[in-house]
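Ready for a few exercises? Keep the viewer open, try each task yourself, and then read the worked solution.

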Amino acid sequence: MRGLLVIGHGSRRDEANATVRELARRLATEPRPAADGCAGHPLGSGGPTIAGDPAGPAAPTGPTGPRPWGAVEAAFLEVSRPDIGEGYANLAVVGCTEIVVYPFFLFGGNHTRRDLPSALEEARERHPRTRWILSEPLGLHACVVEAVRARLDDTLRELVDTARHPTG
């Protein structure tokens with residue numbers, strides 16, 4: 001069975017951690033839209049990192065059905081719980097042998113290139129019948145660019161509305 005581990009940085013702010021948990025909940029329960037309105041390939045990204053697979057990186061494949069996850073967990077790199085080892089273990093305990101890891105980070109850096117793989121490998125060693133694959137973070141995916149444009153459009157509308165209705 002395939003599991004999904006959504007990893008956030010972790011924060012002392014409950015709202016920030018709630019966002020990671022909400023993303024995991026939505027990925028677990030909401031069907032994938034029939035037509036992805038923001039389909040695009042990330043700019044300048046490398047491929048995923050696969051551990052526990054002697055054949056190395058596999059050719060990319062699409063999801064199998066509307067929800068390709070048998071189980072979904074949220075976890076955190078720092079500060080919050082469950083930590084990565086606990087989230088990974090929760091997936092392994094329910095029978096996930098293939099764990100897709102999504103780092104809910106804006107861009108790649110030391111955490112996504114060093115810290116997450118290290119923590120994931122530790123977790124895999126405790127669950128040797130599993131393997132993990134680490135997705136790229138958001139980066140400059142076409143949908144991120146569209147989301148930024150939408151936020152800027154909202155801001156410009158607010159600016160125009162404020163100019164029309166000053167609260168002076």
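A residue is called buried when its relative accessible area is under 20%, exposed when it is over 50%, and partly exposed in between. With that cut-off, buried residues make up 30% of the 168 residues in the protein chain. Please keep in mind that this is a predicted model.

**Exercise 1. Describe the overall layout of the chain.**

Step 1: Take stock of the secondary structure, which comes to four helices and five strands.

Step 2: Walk along the sequence and write down the pattern, β-α-β-β-α-β-α-β-α.

Step 3: Look at contacts between residues at least 6 apart in sequence; 79% of these join residues at least 24 apart.

Step 4: Turn to the outside, where the accessible surface is about 10700 Å² and 56% of that area belongs to carbon and sulfur atoms.

**Exercise 2. Work out how helix 2 sits in the structure, and look at both of its ends.**

Step 1: Find helix 2 at residues 84-93; seven of its ten residues are buried, so this helix is largely enclosed by the rest of the structure.

Step 2: Name the buried residues: I84, G85, G87, Y88, A89, L91 and A92.

Step 3: Ask what they pack against. The partners are strand 1 (2-8), strand 3, strand 4 (98-103), helix 3 and strand 5.

Step 4: Go to the start of helix 2, where a side-chain oxygen of D83 comes to within 3.1 Å of the backbone nitrogen of G85.

Step 5: Move to the other end. Just after helix 2, G95 has a positive phi of about 105 degrees.

**Exercise 3. Decide whether F76 is buried or exposed, and find its surroundings.**

Step 1: Locate F76 in strand 3, which covers residues 71-76.

Step 2: Check the accessibility. F76 is at 0%, so it counts as buried.

Step 3: Compare sequence and space: F76 and I7 are 69 residues apart along the chain, yet their C-alpha atoms are separated by 5.2 Å.

Step 4: List contacts, leaving aside neighbours within four places in sequence. F76 touches I7, G8, H9, G10, N17, V20, R21, R81, P82, D83 and I84.

**Exercise 4. Explain why R124 counts as buried, and find a side chain that it meets.**

Step 1: Place R124 in helix 3, residues 110-126.

Step 2: Apply the cut-off. Buried means under 20%, and R124 counts as buried because its relative accessibility is 19%.

Step 3: Look for a polar contact; one of 2.6 Å joins the side chains of R124 and E121.

Step 4: Recall a general rule: an α-helix has 3.6 residues a turn, so residues three or four places apart point the same way.

**Exercise 5. Find the aromatic pair, then follow one of its members to the surface.**

Step 1: Search the whole structure, which yields one aromatic pair.

Step 2: Describe the pair. Y102 and F104 are tilted, with 6.3 Å centre to centre and 40 degrees between the planes.

Step 3: Classify both members: Y102 counts as buried at 17% relative accessibility, whereas F104 counts as partly exposed at 30%.

Step 4: Follow F104 outward. Together with L106, F107 and L138, F104 makes a nonpolar surface patch of about 370 Å².

Step 5: Finish with L138, in the loop between strand 5 (131-134) and helix 4 (142-164). Its relative accessible area is 31%, so L138 is partly exposed.

Conventions
Residues numbered from 1 in each chain as written. Predicted model: local features only at pLDDT ≥ 70, side-chain atom pairs only at ≥ 80, totals over all residues. Heavy atoms only, no water. Helix = DSSP H or I, 4+ residues; strand = E, 2+ residues; numbered from the N terminus. Buried < 20%, exposed > 50% of the residue type's maximum accessible area, 1.4 Å probe, protein only. Polar contact = N/O pair within 3.5 Å; in protein donor to acceptor, adjacent residues only side chain to side chain. Contact = heavy atoms within 4.5 Å. Patch = residues over 30% accessible without salt bridge, like charges linked within 9 Å, V, L, I, M, F, W, Y side chains within 5 Å. Areas by Shrake-Rupley, 256 points an atom, 1.4 Å probe, with all protein chains shown as cover. Salt bridge = Lys/Arg side-chain N within 4 Å of Asp/Glu carboxyl O. Phe/Tyr/Trp six-rings, centres within 6.5 Å; stacked < 30°, edge-to-face > 60°.
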